[in-house]
Each structure stands twice: as structure tokens, then as C-alpha cells.
Amino acid sequence: MHEIERDAPLARDHQRRAVTAFGGDVGVERGLLRLHQPVAEVLPGFGALGKERVTLFQLLTHTSGVTAAIPTVAPDVLMNVGKMAAWACSQALESMPGERVNYSISVAHALMAAMCVRADGGGRSFAKLVEAEVFRPLGMRDTALGAREDLLARLCPVRAAYKEPGLFAPEALEGIGELIKIPGCEIPAGGYVTTAHDLHRFAEMLRRGGELDGQRVLSPATIDYCSRNQTGELPNQLWNYTTGMRGWDPFPAYLGIGFFLRGEKPIPGPFGALNSARTYGGFGAGSTAFWIDPERQLTFAFLSTGLMEDSYHVERLARLSDLVVAALVN
């Protein structure tokens with residue numbers, strides 16, 4: 001991949017929600033968090049209204065039962081990790097822990113971010129934490145949670161390139177794009193800005209077993225474990241709307257720890273039919289994706305600021321992924 005110019009425009013990266021899960025993985029490796037640890041052990045206020053048994057593992061695999069949709073809360077709550085976590089503490093579960101897979105678009109990520117901040121114990125915000133522990137070691141100089149002041153002039157506007165109903169209302173996505181410009185905005189589920197170059201560096205670190213340019217931020221053992229199927233054949237309830245809108249049959253979620261997986265079956269997703277079964281990565285909100293195919297030692301990164309409806313977005317990614325893999329002749 002060719003390096004982009006240093007003054008190239010920045011894209012809003014919905015997909016960087018993987019970084020939130022990544023922060024949890026780092027905490028587990030350092031003994032600060034445990035995968036099967038109840039969330040309430042770290043965030044005591046969470047242990048009420050039937051949420052006492054919800055674990056970090058269940059947040060990471062989206063089997064916790066916490067609110068799946070983006071909640072209707074004031075902007076100052078949505079853009080604040082602590083306030084979002086407090087809101088989640090006040091809510092009952094939508095399903096029993098472990099009962100189903102239902103991708104929690106924003107709430108689970110806010111809770112995981114709050115757990116990372118509490119476990120870190122250094123008084124750092126989540127934005128400062130991921131900057132110090134992830135972005136700076138990886139040389140991701142043009143990536144931040146929220147639009148860092150020095151990056152604002154290069155920020156590309158978010159524009160929804162569709163008007164039909166879908167997973168997200170177009171105006172909601174554009175609204176979040178405006179929130180990101182507000183100083184101090186922290187939306188771990190999709191409030192990062194980045195470049196294709198930086199996104200590729202993040203994915204390359206994963207392909208290389210947690211190390212890049214001599215900087216190790218994660219172990220190969222953790223990446224291997226996190227890129228294995230943790231949800232069996234359960235479908236992801238998030239995609240239920242496609243059965244009527246697109247005529248799709250239900251399909252397995254194939255979620256690891258913070259990653260989407262290609263798996264053995266041809267299913268809708270960011271991976272092509274030609275990707276190997278152990279391919280893992282992430283995608284988000286009609287605009288972003290990355291994946292690592294460990295069998296082929298191949299890394300893929302994609303960004304767009306013209307957002308497609310999500311079901312069409314994953315079809316686009318699958319086509320692009322097949323084109324990339326098919327181009328390999330050795």
C-alpha cells in the first residue's frame with residue numbers, strides 16, 4: 001500500500017470500535033481485567049436490574065443482553081464515556097446474558113471503555129489511554145478518538161449516500177459526524193478519525209502477531225484466541241431487518257473477541273468468498289473495513305466518507321475483497 005500524503009484528508013472511522021475491544025484485550029494481558037469478570041466488579045453501579053452476571057467476555061462477544069440500538073439520550077451523554085456507562089447502569093437487559101447475539105452498537109463499547117479507564121487507574125480519559133497504548137506506539141499519528149484540534153482542518157464531512165430505510169437513519173449518522181467535531185467528544189463505538197494509512201498500520205500489527213516496527217502491543221496468543229469463533233452458529237440479531245428488506249436468510253454471527261470472522265460458510269459480511277476461513281477483521285456504519293487473512297498473510301483496509309446502507313456496504317466489501325484475493329498469483 002502506498003503511503004498517503006501527510007496533508008491528506010481524514011476520514012471518520014466508525015470501524016475503530018475494534019480499538020475498544022483491543023483496549024480490553026490489553027487489560028487482560030496485563031492482568032488488569034479478566035474475560036469472565038463480571039462488569040459489576042469493575043463498575044459497581046452496573047450490578048442491578050438483572051445485570052449482576054454480565055461479564056466482559058459477553059460484552060466483547062455481544063452476548064451480554066445490554067441495549068443493542070443507539071439509545072435516545074442527550075448529545076452530552078452520547079459523547080461521554082462515563083455518562084453513557086452510568087446510563088447503561090440504570091437500564092435493564094434486553095435478553096438474558098449468553099442467550100443471543102445482538103451487536104450492541106454503542107452501549108457495550110461505552111461500558112468496555114469505562115472498564116478500561118477504571119482498571120487503568122491513572123486518571124486518563126479513554127481517548128488519552130488509547131492514544132498512549134495503541135496509536136502512539138503504532139505510529140498512527142493521524143488517528144484520534146474525537147477530532148483532535150490539529151486534525152480538524154483535514155476532517156472529511158460524513159455524508160450518507162442513501163435515503164432508503166436501513167440499519168441506521170442517514171441523518172443519525174451525519175449527526176454523529178457533527179458531534180465528533182466538538183472538543184472532548186468520546187464515542188468509542190464510532191467516534192474516531194483516521195486515515196487509510198493509519199488503519200492499515202493497525203491491521204498490519206494484527207497480521208504480524210501484535211508487533212509493528214519493533215513495537216509490541218499485543219501477544220500472538222491473544223490474537224489467535226480473539227480471532228476464533230466464540231458465538232457458534234447463533235445469528236446476529238442486528239441483521240434481522242435484512243430478512244424483509246433484502247430477502248436474506250438468517251446467518252451465523254461468527255464473532256470472536258472484538259472481531260467479525262469469515263468462518264466456513266459463505267455469509268454476508270466484509271469478507272469475500274475467496275478469503276480463507278480464519279480471516280478476521282471489522283467493519284462499520286456503511287463506510288469502513290479492515291481484515292487480515294492469516295493463511296495468505298494479507299491485510300486489507302478500506303475507508304469511505306460517503307456512507308452506504310450497511311447491507312449494501314458489506315456486499316461492496318465482499319466484492320472488493322474477492323478482487324484483492326483473486327489478484328494474487330503466488
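In this predicted model, tryptophan 239 is buried, with a relative accessible area of 8%. Phenylalanine 251 is buried too, at a relative accessible area of 11%; both values fall under the 20% that marks a buried residue. The two side chains form a tilted aromatic pair, with 6.4 Å from centre to centre and 45° between the planes. Tryptophan 239 belongs to the loop between α10 (220–226) and α11 (241–245), while phenylalanine 251 belongs to the loop between α11 and β7 (260–261), so the pair ties together parts that are 12 residues apart in sequence. This pair has further company: ring pairs link Tyr103, Trp239, Tyr241, Trp248, Phe251, Phe260 and Phe283 into a cluster.

Across the model, the count comes to 11 aromatic pairs. One of them joins phenylalanine 135 and tyrosine 192 in an edge-to-face arrangement, with the ring centres 6.1 Å apart and an angle of 85° between the planes. Here the link is between distant parts of the chain, since phenylalanine 135 lies in helix α7 and tyrosine 192 in strand β4 (residues 192–194), 57 residues apart. Both phenylalanine 135 and tyrosine 192 are buried.

Aromatic rings also meet charged side chains. The charged end of arginine 246 sits over the ring of tyrosine 312, at 3.8 Å from the ring centre. A second example is lysine 51, whose charged end sits over the ring of phenylalanine 46, 5.2 Å from its centre.

Helix α9 is worth a look of its own. Helix α9 covers residues 196–207, which makes 12 residues, and reaches 16 Å from its first C-alpha to its last, close to the 16 Å expected at 1.5 Å a residue. Of its 12 residues, 10 are buried, so α9 is largely enclosed by the rest of the structure. In an α-helix there are 3.6 residues a turn, so residues three or four places apart point the same way. The buried residues of α9 are His197, Asp198, Leu199, His200, Arg201, Phe202, Ala203, Glu204, Met205 and Leu206. Just after α9, glycine 209 takes a positive phi of about 80°.

Attention can now turn to the pockets. The largest pocket holds about 340 Å³ of space. It is lined by 19 residues, and those closest to its centre are Ala127, Lys128, Ala144, Leu145 and Arg148. Two elements, α7 (126–135) and β2 (144–145), give two or more residues to this lining. Helix α7 gives the most, with 3 residues. By class, the lining of the largest pocket is made up of 9 nonpolar, 3 polar and 7 charged residues. Helix α7 thereby appears twice in this account, as it also carries phenylalanine 135 of the edge-to-face pair.

The second largest pocket contains about 180 Å³ of space. Its lining consists of 13 residues, with Ile267, Pro268, Gly269, Phe271 and Ala318 nearest the centre. Helix α12 (residues 310–326) gives the most to this lining, with 3 residues. Sorted by class, the second largest pocket is lined by 9 nonpolar, 2 polar and 2 charged residues.

How values were computed
Residues are numbered from 1 along each chain as its sequence is written. This is a predicted model: local features need pLDDT of at least 70, side-chain atom pairs count only at pLDDT 80 or more; totals for chains, interfaces and linings use all residues. Side-chain values use heavy atoms; hydrogens and water are left out. On a 1 Å grid over the protein atoms alone, a cavity is a set of points where a 1.4 Å probe fits but cannot get out, and a pocket is an open set with protein on both sides within 12 Å along at least five of seven lines; lining residues have an atom within 4 Å of a point. Grid points are joined across faces, edges and corners, and a volume is the space filled by probe spheres set on the points. Helices (H or I, at least four residues) and strands (E, at least two) are DSSP runs, numbered from the N terminus. Ala, Val, Leu, Ile, Met, Phe, Trp, Tyr, Cys and Pro count as nonpolar, Asp, Glu, Lys and Arg as charged, and the others, Gly among them, as polar. The expected span of a helix is 1.5 Å times one less than its number of residues. Buried means under 20% relative accessible area, exposed over 50%, partly exposed in between (1.4 Å probe, protein chains only). Rings of Phe, Tyr and Trp (its six-membered ring) pair if their centres lie within 6.5 Å; planes under 30 degrees apart count as stacked, over 60 as edge-to-face and the rest as tilted. A charge sits over a ring if NZ of Lys or CZ of Arg is within 6 Å of the ring centre and within 35 degrees of the ring normal.
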